[in-house]
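Thanks, everyone. Please bring up the sequence and the structure, and we will walk through them together.

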Amino acid sequence: MTYRAPVTDMLATLKHVVGLEQMLASGLYGDLTVADIAAILDEAGKFAAERIAPLNRLGDHHGTPFKDGVVTMPPGWKEVYSDWAAAGWNALMAADAYGGQGLPCVVNSACIEMWNAASGAFGLGPLLTQGAIEAITAHASEALKAKYLPKMVSGEWTGTMNLTEPSAGSDLSGLRTRAERAGDGTYRITGSKIYITYGEHDLTENIIHLVLARLPDAPPGTKGISLFLVPKILVNDDGALGARNDVRCHSIEHKLGVHGSPTCTMVYGDAGGAIGWLVGEENRGLMAMFTMMNNARLAVALQGVSIAERATQQAVAYAMERRQGRAPGSKGEGISAIIEHPDVKRMLATMRASTRAARAICYMLAAEIDRAHLGASEAERKAGHARASLLTPIAKAYATDIGNEVASLGVQVHGGMGFVEETGAAQHMRDARIYAIYEGTNGIQAIDLVTRKIGIDGGGLVAAEIARMRHVIAEVKGANAAGFGQTAVRLGAAVDALESATQHLLTALASDPADAQAGATPYARLFGLALGGTALAEKALRLRGNGASDTERAEALGLARFFAENLATAAPGLGASIVTGGHSVTDLDIPLAS
């Protein structure tokens, strides 16, 4: 089944949930218009569907063979990547000073969703490059920017993020890669890194690695980590490529999914040390790397949305064709398409509503990132940064969990045909699994939300978010439209549960941190349900009498009601588990051996 970019819903979400038209009217995006954004998304959707989507199954089957230090990408990938880069898609958000287009994060986010829905393995490479561009732009010297950014922005060179080591995963305090000052302004890097996405490939002639390493006199722990730019091929002063640097790919991982993306073990310093250049200041590399990681978390959240969208489209298409039994109330002759059976319809509605709720949360986050960078006043930028900080762990955890759940439901809709590889439904489920793990596991995201984010401004940031949700719920009540059913009641209960759980956690943080952390994962889910549900309700409200088609209005209303009455109903139970169930976790004595 081919992919079709859901541009109509993307634009509806941007306009009616994120407030795109108001943001444009305020001048936040310069002279950009809705028509401009629609045209960009239309073209991106065509490229994703026509050029990238056909690579998805091919990449899964072919993988990325590794021999003699060389990774060979699947057939056709190099040509599609070259055309994608030449069309300017890699340069959307980058500064115009380095050849970028300076477009906002909301536009790039919709495009990221499309590239990854078409092929998550293909879309991964550009995500790392764009993150590296951000980090270099924000923290590197002008000389390094001038030397490396133009070709990274153009997509002629790609970038990587080298954090993880066998002894340093989510906790980087155990990092062992070393950096020695060479006396000429450069450094010599020695050590190894694992799980490096696109650490080696044959798509481009150079790869720019951003590597975390520790200087000999660095303080212990994460306060003693520095960030270095280490090119695969050294670059001469005139911009031409020179000698091969002392860095190589040692091996690639054999993974559950995302087979078309090479995941590499990188070795630095076989011959005395790879030449690197400091990015930012010594011993402050983690701050520079977090510039890359924070937006990478939005990108991974969008990967969750993308795999959910792809799995949903395929499941709907299959359910319309597959015939089995007679559905209750069927008036036609013969057996029914399985989409007519209520249980299948319930699964498909869960997939569609969950995907759109996750999309809304991600696009909200993208808009706040734009405000944090482009706001006209310091107050607006500060408010954008604060809300983005709150939404980041919610988006990453909720959207990637949804990616896993929706992909699993996609297999279920296919029945036995979903369990075999022929249909491709199994690939979506395999590919989705990593999204909840990398760029900070969802448990770590939830702990970050609870221990660092909900206490911002004494809880005022979350209180403002809850107030926004209650305003939407009041509008739903005021609309007095039968089509909403119990939407206002169910969402009201979800927000009540969120408010109660928040107060409990704020108290527990001071008196019983273990209890607070025990409730972190259900709290992140609870927040996602409340926020996603009210976003769908708001979109349904705004589409009424807004020039949308009858089909679009009916679908938005139906999905908002379905989400509230079938999915958001889990919120009170999650709230109860947070308030009263923490000690059932912390007091549990799990035996080390059975």
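**A walk through the model**

Let's start with one helix. Helix H6 runs over residues 105–118, which is 14 residues. From its first C-alpha to its last, H6 reaches 20 Å. That is close to the 20 Å expected at 1.5 Å a residue. H6 is also mostly covered, with 14 of its 14 residues buried. One thing to keep in mind throughout: this is a predicted model.

Now the core. How many residues does the largest nonpolar core have? The count is 197. Five residues have the most contacts inside this core: Leu41, Met114, Leu210, Tyr523 and Phe527. Which helix gives the largest share of the core? That is helix H9, residues 285–321, with 18 residues.

Take Leu210 from that list. Leaving out residues up to four places away in sequence, Leu210 touches a long row of partners. Among them are Ala132, Ala135 and Ile136. Thr160, Met161 and Asn162 are also among the residues that Leu210 touches. So are Leu227, Phe228 and Leu229. Val279, Met289 and Met292 complete the list for Leu210.

Stay with helix H9 for a moment. Thr291 lies in that helix. Is Thr291 buried or partly exposed? Its relative accessible area is 25%, and buried means under 20%, so Thr291 counts as partly exposed. Beyond its neighbours within four places in sequence, Thr291 is in contact with Glu134, Ala135, Ala138 and His139. Look at Ala132 as well. Thr291 and Ala132 are 159 residues apart in sequence, yet their C-alphas are 9.0 Å apart in space.

Next, two strand residues. Asn206 is in strand E6, residues 206–213. Asn206 has a relative accessible area of 0%, so it is buried. Which residues does Asn206 touch, not counting those up to four places away in sequence? They are Trp157, Thr158, Pro231, Lys232, Ile233, Val235 and Leu241.

The second one is Ile194, in strand E5, residues 187–197. Ile194 counts as buried because its relative accessibility is 14%. With residues up to four places away left out, Ile194 touches Thr164, Glu165, Pro166, Cys264 and Thr265. Ile194 and Asn162 are 32 residues apart in sequence and 7.9 Å apart in space, C-alpha to C-alpha.

Now for helix packing. Find helix H1, residues 7–18, and helix H18, residues 520–543. Their axes are 9 Å apart, and the packing angle is about 90°. H1 and H18 are therefore roughly perpendicular to each other. Who meets whom? On the H1 side, we have Asp9, Ala12, Thr13, His16 and Val17. On the H18 side, we have Ala535, Glu538, Lys539, Arg542 and Leu543. The residues of this contact divide into four nonpolar, two polar and four charged.

One more pair: helix H11, residues 378–414, and helix H15, residues 460–479. Their axes come within 10 Å and cross at roughly 80°. H11 and H15 are therefore roughly perpendicular too. H11 brings Ala386, Arg387 and Leu390 to the contact. H15 brings Leu461, Val462, Glu465 and Arg468. How do the residues of the contact of H11 with H15 divide? There are four nonpolar, no polar and three charged.

That's my tour. Over to you for comments.

Definitions and conventions. Residues numbered from 1 in each chain as written. Predicted model: local features only at pLDDT ≥ 70, side-chain atom pairs only at ≥ 80, totals over all residues. Heavy atoms only, no water. Core = buried A, V, L, I, M, F, W, Y, C linked by side-chain atoms within 4.5 Å. Buried < 20%, exposed > 50% of the residue type's maximum accessible area, 1.4 Å probe, protein only. Helix = DSSP H or I, 4+ residues; strand = E, 2+ residues; numbered from the N terminus. Contact = heavy atoms within 4.5 Å. Expected span 1.5 Å × (residues − 1). Axes fitted to C-alpha atoms, helices over the stretch in contact; angles between N-to-C directions. Parallel < 35°, antiparallel > 145°, perpendicular 65-115°, else oblique. Nonpolar A, V, L, I, M, F, W, Y, C, P; charged D, E, K, R; others polar.
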